[in-house]
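Colleague: Got a minute? I'd like to go through this one with you.
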Amino acid sequence: MKPREIRLSTTPTPEAIAELRLGDIVYLDGLMYTAREGVYMRALEEQANIPMELPSQSAANFHCSPAARINPDGSFDMGAVTATASFRFAKWLPEWMEKTGAKLIIGKGGMTSKDYKSYFVPNGAVYLSTVGYGTGALLGRGVENVEAVHWNEELGLAQAMWVIRCRKMGPFIVASDLNGDCLFERENAKIAKNIARVYEGTKPAVLKRYGESDDRSDEVI
Amino acid sequence: MIPIDLIQKTAESLMDKAAIEIPEDYLDGLQKAAETEDGDLSSFVLKAMLDNYEAAKEDRRAMCGDTGVPRWFVKLGNDATVEGGMCALETALRRATAIATNGVPLRPNRVHPLWRTDHNNNVGIGAPEIEYGFEPEGDWIDLITVHKGGLFGTDYRMLFPSDGVQGIKRFYLDSLMAFGKRGLACQPAIIGIGLGGSKDICMTLGKRASVLRIVGSRNSDPRIAEMEDEFKELGNSIGMGAMGFVGKNMVIDCNIEVGYCHTGGMPMSVHAFCLSSRRAVARIYPDGRVEHRTDPDWFTPYQRRETVEWEPMQEAAE
């Protein structure tokens with residue numbers, strides 16, 4: 001069955017978000033900004049003023065560092081854009097969403113259904129995953145214009161807050177919905193049935209590691 | 001003597017090629033995977049990736065926004081000399097890395113591990129890595145650049161002879177399960193396995209198995225070659241495909257490299273070279289000829305030699 005394809009605004013209505021189903025393919029239009037650990041720490045821990053009007057300008061937070069440069073005349077060249085793994089940002093996301101009204105968190109690999117249920121759903125937000133990973137060139141084609149780069153001096157090109165105008169940027173896959181269900185966990189559950197068969201005949205390593213036992217009074221032999 | 005300007009110019013073009021053009025062997029492997037894939041979502045993903053390679057080439061833009069961490073493998077024929085010496089060569093490679101980071105552009109991924117200082121050019125302490133190999137004949141130099149993703153898909157474990165092949169299988173599967181879920185390893189990937197060596201060399205062997213051998217190559221030891229086939233099939237029988245969705249294609253190929261290790265141990269490493277398997281190779285001759293190719297051809301009989309002396313004629317006769 002071919003997945004459903006949907007055009008979505010980066011300032012989506014609650015109805016448009018409610019429409020989204022796990023596994024739908026989404027293309028985005030409007031302003032999107034990149035924010036990852038550098039931006040989160042600066043905005044939330046150091047309490048710096050966020051240099052955009054959020055969420056009125058954009059409700060789409062991309063976990064991304066683009067392959068881009070700032071030209072001597074101050075203009076920008078953006079080649080490829082792809083996401084970085086989002087689970088590492090769970091520490092900051094609840095506060096970030098509350099503060100910025102972000103409705104679309106876009107990244108790699110999604111979050112857990114626990115994250116979705118505890119702060120995505122209450123904020124009316126969903127998670128969109130990039131595809132591949134690494135459809136960087138296709139996503140790059142969806143960049144109509146680079147509007148600004150903020151905090152480049154403080155954070156460097158990779159961690160800076162890039163503001164991108166998107167035109168049919170995609171594909172992205174809907175990885176969470178307003179029930180707080182998680183596409184990746186659904187797939188994991190299907191694969192889990194097969195694990196015992198694949199592992200048949202193998203045996204645990206002679207030397208264990210902490211992590212396999214979380215009791216540090218245990219030995220690893 | 002090989003002109004230093006030619007080395008830098010060639011290195012710059014290799015940086016560009018690696019970032020933009022998917023190597024033919026990996027592309028063929030992925031096309032075959034796309035034909036056999038029947039999971040709805042993973043099929044969609046593989047098709048999108050194939051479109052992406054086209055778009056990258058057409059627009060001359062990097063195929064992935066995370067352009068990895070550029071590094072260099074340099075191989076010299078025994079008679080090769082470089083204008084200005086080996087320090088000039090290293091400077092040329094550092095310059096090419098910085099220039100291409102701004103030129104392509106690539107993402108300036110390299111930062112100080114503690115202070116997160118970013119020179120915005122992928123150059124810093126120990127970056128890019130430059131590793132060397134030698135061949136007994138030739139006056140050429142091979143430049144190989146690899147821009148591997150840096151975060152997921154790699155692991156190391158000290159196994160022991162009593163763990164046996166079943167223990168190797170288990171750690172291999174554990175690595176695929178751990179990093180394959182949600183597609184963290186950006187599979188289907190070229191999986192490299194390093195067996196033996198000391199701990200650091202074990203990692204190096206596995207990394208080189210994934211990035212310096214092409215899809216379809218096989219280890220020269222027929223029993224290891226058999227394991228490579230078996231492990232490829234095992235990885236693809238998990239039922240996990242691209243992005244961790246239900247599917248048949250996790251491993252585009254599995255390459256194993258070995259090195260002699262401590263008699264009591266059997267260290268093992270696993271590496272995943274992702275959907276953007278960025279590598280580019282060129283051989284430069286003293287007369288100014290430059291030959292581009294995509295096969296690093298790193299693991300020659302000389303690199304895998306077991307004996308004290310190197311006697312190629314005798315080897316060939318056997």
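Colleague: How do strand β1 and β2(B) pair?
Modeller: Strand β1 (residues 69-77) of chain B and β2(B) pair in the parallel sense, over six bridges. Pairing needs at least two bridges found by DSSP. Strands are DSSP runs of E, at least two residues, and helices are runs of H or I, at least four, numbered from the N terminus.
Colleague: Which residue stands opposite B:L76?
Modeller: B:F134, in β2(B).
Colleague: Is this predicted, and how are things numbered?
Modeller: It is a predicted model: local features need pLDDT of at least 70, side-chain atom pairs count only at pLDDT 80 or more, and totals for chains, interfaces and linings use all residues. Residues are numbered from 1 along each chain as its sequence is written, with chains lettered from A and ligands numbered from 1 in the order in which they are written.
Colleague: What pLDDT does chain B average?
Modeller: 96, and 98% of the residues score at least 70. pLDDT is the predictor's confidence in each residue, from 0 to 100.
Colleague: Back to the sheet. What is the strand order?
Modeller: β2-β1-β3-β8-β9 of chain B, five strands in an open, mixed sheet. β2 (130-135) and β9 (290-293) are the edge strands, each pairing on one side only.
Colleague: Now the contact. How many residues does each chain give?
Modeller: Chain B gives 54 residues and chain A gives 47. Contact means C-beta atoms, placed from the backbone, within 7 Å.
Colleague: Which element of chain B gives the most?
Modeller: α3(B), with eleven residues on the side that touches chain A.

Key
Two residues are in contact if their C-beta atoms, placed from the backbone, lie within 7 Å.
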